[in-house]
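Student: Before we set up any calculation, could we go through the pockets, one helix pair and the unusual backbone geometry of this structure?
Tutor: Yes, and we will take the topics in that order.

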Amino acid sequence: MVHSLLLFLLLTLTAVPAQQHQYDDPSVTATMEKFSGYAIHEPHSFQLTSLSVDAQALQNQIDELAAFSDSPAPSVTRVLFTDNDVLGRRYVKTQMELAGLSVREDAVGNIFGRWDGLEPELPAVATGSHVDAIPYSGKYDGVVGVLGAIEAIRVLKRSGFKPRRPLEVISFTSEEPTRFGIGCLGSRLLAGSEDLANALKTTTDIQNVSFLDAARSAGYGKNEDNLSSVFLKKGTYSAFIELHIEQGPILEDEGISIGIVTAIAAPASLKVEFEGNGGHAGAVLMPNRNDAGLAASELALAVERHVLESGSIDTVGTVGILELHPGAINSIPSKSHLEIDTRDIDEERRNQVVEKIHQSAIKISKTRGVKLSDFQVINQDPPALSDEAVIKAVEIATRELNLTSKLMISRAYHDSLFMARLSPMGMIFIPCYKGYSHKPEEFASIQDMSNGVKVLALTLAKLSSQLHLQK
């Protein structure tokens, strides 16, 4: 009986046209392996020399996507759910389909392109990034991790590779906080943020357009106010790996091809407001002033002091917004508003800095005779560590490709920060010109992108071929 079945299967396979790979049907492969007792097809068996990146095609795609912009070249502006964002999404979906991926979208516009493996029931290995762009930024941030991931799939297909686990490319919605003030919106929801799902029901932009209305105008969540449908269960993916430009100068300065990220720093965002007494700049004498502007300035310097006192180069702080009211040269500021960003890969150390900033704000308000009218911690996300198994896979891939590498941390946050809540996570950095990012001068060379895509492709192959990955 067994011999008859094997004979039938072999005769069936020989009838397959020559141009069709004889093991394209995973059910046939599984049946033959079961009855023969050995592996008919090893999904990771391919030559490194066959990993061919069409780097010029990738560059052309990046240039074409950059044309969907609300600002003139060389800058790129592509804000969530605007017309150019919708066109950019359409472009990404087309590229996924051309690469032979099956495409789906969720209620907030996260885009998924899937390549089913020989065992499609296994949790997939995922990769991806984002394509939204802050006003007047560049064309590589995020985009390399989406179009580069699609090219990595093409590389594997051209090599003849067959994944055991499915591979999935994700283009995340609104990694940038430009329109609604929420960074990594899509990946936060995928990771199951109920607070965010509820908050988005009433969230509006500066034009008073609600998130839900904006999403519907772009074709998402038509009849859906409950965004919990976006949530993914932990274990949906066996691993997640993101390719990204470094956004810093280290790799370029040191002449290193690949950065292997070990941890992602996470921000705590603060809003602070002081209220004092206004008055004429000439008429109110200095001893009699309660200057809200000077209180804000003193707090800005305190932020710098507390960050430096942490003793770690990984602790950073920025006063990115400082606004004075009424904002006239001959008027003493009666109100001030600050927005502060402080980050670290050590959550406890970062939170200690936040508390010191709070204590300084209280002290300044007392010594300057002003009111601390508001001190809010807007968000306080925990940092994320890359998974050791994913780091190892990237290290091995880099070594096999004869590329130089170094372990490093990411001081910018990425969608990977939130994907780490769903699965083992890792990141691959490539050099970028002078570390520039979020500006028109942002640039990554074709060679560096090609190196990154090859490392990503080989890492995906290794991770997808493993039967058991750390949960």
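Student: What volume does the largest pocket have?
Tutor: This is a predicted model, and the values discussed here are computed from it. Empty space is found by rolling a probe the size of a water molecule over the atoms. For the largest pocket, the volume comes to about 1200 Å³.

Student: Which residues lie nearest the centre of the largest pocket?
Tutor: The lining of the largest pocket is made up of 38 residues, and by class these are 14 nonpolar, 13 polar and 11 charged. Elements that give two or more residues to this lining are α7 (194-199), β9 (266-275), β11 (316-325), β13 (335-344) and β14 (371-380). Those that lie nearest the centre are P177, G181, S269, N379 and Y413.

Student: Why does the largest pocket lie between two domains, and which domains are they?
Tutor: The argument rests on which domains give residues to the lining of the largest pocket. Both domains do, so the pocket lies between domain 1 (55-265 + 383-465) and domain 2 (267-380).

Student: Which strand gives the largest share of the lining of the second largest pocket?
Tutor: The second largest pocket holds about 310 Å³ of space, and of its 14 lining residues, E246, Q247, G248, R411 and A412 are the closest to its centre. Its lining has 6 nonpolar, 6 polar and 2 charged residues by class. The largest share, 3 residues, is given by residues 405-410, that is, by strand β16.

Student: Are helices α4 and α5 roughly parallel or roughly antiparallel?
Tutor: Helix α4 (residues 83-98) packs with helix α5 (residues 143-159) at an angle of about 10°, and their axes are 10 Å apart. Because angles under 35 degrees count as roughly parallel, the arrangement of α4 and α5 is roughly parallel.

Student: Which residues of α5 make the contact with α4?
Tutor: By class, the contact of α4 with α5 has 7 nonpolar, 1 polar and 1 charged residues. From α4 come Y91, V92, Q95, M96 and L98, while from α5 come V146, L147, I150 and R154.

Student: Which residue is joined to P326 by a cis peptide bond?
Tutor: Most peptide bonds are trans. One cis peptide bond joins A73 and P74, with omega of about 10°, and P74 is in the loop between α3 (55-66) and β1 (76-78). P326, in the loop between β11 and β12 (331-332), also has a cis bond with omega of about 10°, and its partner is H325.

Student: What is the phi of N208?
Tutor: Most residues other than glycine have a negative phi. N208, found in the loop between α7 and α8 (211-217), is not a glycine, yet its phi is positive, at about 65°.

How values were computed: Residues numbered from 1 in each chain as written. Predicted model: local features only at pLDDT ≥ 70, side-chain atom pairs only at ≥ 80, totals over all residues. Heavy atoms only, no water. 1 Å grid on protein atoms, 1.4 Å probe; cavity = no way out; pocket = protein on both sides within 12 Å on 5 of 7 lines; lining within 4 Å. Points joined across faces, edges and corners; volume = space filled by probe spheres on them. Helix = DSSP H or I, 4+ residues; strand = E, 2+ residues; numbered from the N terminus. Nonpolar A, V, L, I, M, F, W, Y, C, P; charged D, E, K, R; others polar. Domains from an automatic or database assignment. Axes fitted to C-alpha atoms, helices over the stretch in contact; angles between N-to-C directions. Parallel < 35°, antiparallel > 145°, perpendicular 65-115°, else oblique. Contact = heavy atoms within 4.5 Å.
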